[in-house]
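Open your viewer and keep the selection tool at hand. This tour moves from one stop to the next.

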Amino acid sequence: MTPAQIEKTFDRIRKLCLVLPEAKEVEAWGHATFRAPKKMFAACGTEKDGSASLGLKVGFNRQEQLLKDSRFFPTPYAAHQGWVSLKLQAKMDWSEVGSL
């Protein structure tokens, strides 16, 4: 994805997250994170290879299921707390992203 595509994708994620009750965006570690009210539930980020990802707090049972799908990987530094990350692509199933 180009930097412009990544920013457009992050904007779409931002819109999905901020419609949730009490949700707010907080920049942390140089990334957009989303919290409700103080608990983080999602974070946008870029990987060392320049790709983009969406980290999600899903809990351990759902984490195990999602990691069977190659689009997901354990969120660095947070997988031990039930987080997974979704590799973002130029074309995404936005209804799936919204449900996550």
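**Stop 1: Tyrosine 77**

Select tyrosine 77, in the loop between strand 5 (72-74) and strand 6. Keep in mind throughout that this is a predicted model. Is tyrosine 77 buried or exposed? Tyrosine 77 counts as exposed, because its relative accessibility is 81% and the cut-off for exposed is over 50%. Now check the backbone. Tyrosine 77 has a positive phi of about 70°, although it is not a glycine.

**Stop 2: The largest pocket**

Stay with tyrosine 77 and show the pockets. A probe the size of a water molecule, rolled over the atoms, shows where empty space is left. The largest pocket holds about 520 Å³ of space. Its lining has 21 residues, and those closest to its centre are His31, Ala43, Thr75, Pro76 and Tyr77. Select these five and you have the middle of the pocket in view.

Next, colour the strands. Which strands each supply at least two residues of this lining? They are strand 2 (31-35), strand 3 (40-46), strand 4 (52-57) and strand 6 (83-87). Strand 3 gives the largest share, with five residues.

Now colour the lining of the largest pocket by residue class. You should find ten nonpolar residues, nine polar and two charged.

**Stop 3: The second largest pocket**

Move to the second largest pocket. About 180 Å³ of space lies there. Of its 13 lining residues, select the ones closest to the centre: Cys17, Leu20, Val97, Gly98 and Leu100. Which elements give two or more residues to this lining? Helix 1 (3-18), strand 3, strand 4 and helix 3 (94-99) do.

Colour by class again. The lining of the second largest pocket has eleven nonpolar residues, one polar and one charged.

**Stop 4: Arginine 35**

Go to strand 2 and select arginine 35. This residue is buried, yet it has no salt bridge. How far away is the nearest side chain of opposite charge? That side chain belongs to glutamate 25, and it is 9.9 Å away. A salt bridge needs the two charged groups within 4 Å, so this pair does not qualify.

Now show the side chain of threonine 33. Here arginine 35 does make a polar contact, side chain to side chain, at 3.2 Å.

**Stop 5: The salt bridges**

How many salt bridges does the model have? The count comes to four. This stop visits some of them.

Select aspartate 11 and arginine 14. Their side chains meet in a salt bridge, 2.6 Å from N to O. Why do they line up along the helix? The two are three residues apart in helix 1, which means that about one helical turn separates them. Aspartate 11 counts as partly exposed, at 33% relative accessibility. Arginine 14 is partly exposed too, with a relative accessible area of 21%.

Keep arginine 14 selected and add glutamate 25. These side chains also meet in a salt bridge, at 2.6 Å from N to O. This pair links distant parts of the chain: arginine 14 is in helix 1, and glutamate 25 is in strand 1 (residues 24-28), eleven residues apart. Glutamate 25 is partly exposed, at 34% relative accessibility.

Now select aspartate 69 and arginine 71. Their side chains form a salt bridge at 2.7 Å, N to O. Aspartate 69 has a relative accessible area of 26%, so it is partly exposed. Arginine 71 is partly exposed as well, at 32%.

Step back and show Asp11, Arg14 and Glu25 together. Salt bridges that share partners join these three into one network.

**Stop 6: Arginine 12**

Return to helix 1 and select arginine 12. Arginine 12 is partly exposed, with a relative accessible area of 43%. Then add glutamine 63 and draw a line from C-alpha to C-alpha. The line spans 23 Å, and the two residues are 51 apart in sequence.

**Stop 7: Glutamate 22**

Finish in the loop between helix 1 and strand 1, at glutamate 22. Look at its backbone. Glutamate 22 has a positive phi of about 65°, although it is not a glycine. Is glutamate 22 buried or exposed? It is exposed, because its relative accessible area is 60% and the cut-off is over 50%.

Definitions and conventions: Residues are numbered from 1 along each chain as its sequence is written. This is a predicted model: local features need pLDDT of at least 70, side-chain atom pairs count only at pLDDT 80 or more; totals for chains, interfaces and linings use all residues. Side-chain values use heavy atoms; hydrogens and water are left out. On a 1 Å grid over the protein atoms alone, a cavity is a set of points where a 1.4 Å probe fits but cannot get out, and a pocket is an open set with protein on both sides within 12 Å along at least five of seven lines; lining residues have an atom within 4 Å of a point. Grid points are joined across faces, edges and corners, and a volume is the space filled by probe spheres set on the points. Helices (H or I, at least four residues) and strands (E, at least two) are DSSP runs, numbered from the N terminus. Ala, Val, Leu, Ile, Met, Phe, Trp, Tyr, Cys and Pro count as nonpolar, Asp, Glu, Lys and Arg as charged, and the others, Gly among them, as polar. Buried means under 20% relative accessible area, exposed over 50%, partly exposed in between (1.4 Å probe, protein chains only). Lys and Arg count as positive and Asp and Glu as negative; His and the chain ends are not counted. A polar contact is a pair of N or O atoms within 3.5 Å; within protein, one must be able to donate a hydrogen and the other to accept it, and residues adjacent in sequence count only if both atoms are side-chain atoms.
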